[in-house]
Amino acid sequence: MMCVASFAEHHEEHHHAHPKYEFKYGVKDPHTHDIKEQAEKRDGDKVEGHYMLVEPDGTIRTVHYNADKHIGFHAHVHKTGHAVHPIHHEKKVGVHKSEEGSSHHKASSYSNLHLH
């Protein structure tokens, strides 16, 4: 009995292209108040960019960042403006003045209902 095994040498070559790109975009929607922008560029292992957005409180957050294989990721965050919070006026429902002049809510309990 004769047994023959054949093994082909498999050589896989990995080719990594040098990554390089650049992009930017922005949104300015006055209806939804969605205002933001971003720009980024990459050349090999080095990435740098920034983004800006208007927060719901009206302040502006700006972030500048960079990264590479030696220093890692670094971001510098800067916030400008003064926060503005809307004032909501509650409409009082079911409130009446008592004889003493104080306001209180009129409420009933289910336990006081007579179901007979």
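These are my notebook entries on the salt bridges in this structure.

**Entry 1, the count.** I'm working from a predicted model. I looked up how many salt bridges the structure holds, and the count came back as 4. I followed up on some of them below.

**Entry 2, lysine 41 and glutamate 48.** I checked this pair and found their side chains meeting in a salt bridge, at 3.6 Å from N to O. Then I pulled the accessibilities. Lysine 41 has 40% relative accessibility, so I put it down as partly exposed. Glutamate 48 is partly exposed too, at 30%.

**Entry 3, lysine 69 and aspartate 45.** I found a salt bridge here as well, with 3.6 Å between the closest N and O atoms. Which parts of the chain does this pair link? I traced aspartate 45 to the loop between β2 (34–43) and β3 (46–54). Lysine 69 sits in the loop between β4 (60–68) and β5 (72–80). That puts the partners 24 residues apart, so I noted the pair as a link between distant parts of the chain. On accessibility, lysine 69 is exposed, because its 62% relative accessible area is over the 50% cut-off. Aspartate 45 comes out at 42%, so it goes down as partly exposed.

**Entry 4, glutamate 55 and arginine 61.** I looked up the closest N and O atoms of this salt bridge and got 2.7 Å. Is glutamate 55 buried or exposed? I have it as buried, because its 16% relative accessibility falls under the 20% cut-off. Its partner, arginine 61, is partly exposed at 26%.

Notes:
Residues are numbered from 1 along each chain as its sequence is written. This is a predicted model: local features need pLDDT of at least 70, side-chain atom pairs count only at pLDDT 80 or more; totals for chains, interfaces and linings use all residues. Side-chain values use heavy atoms; hydrogens and water are left out. Buried means under 20% relative accessible area, exposed over 50%, partly exposed in between (1.4 Å probe, protein chains only). Helices (H or I, at least four residues) and strands (E, at least two) are DSSP runs, numbered from the N terminus.
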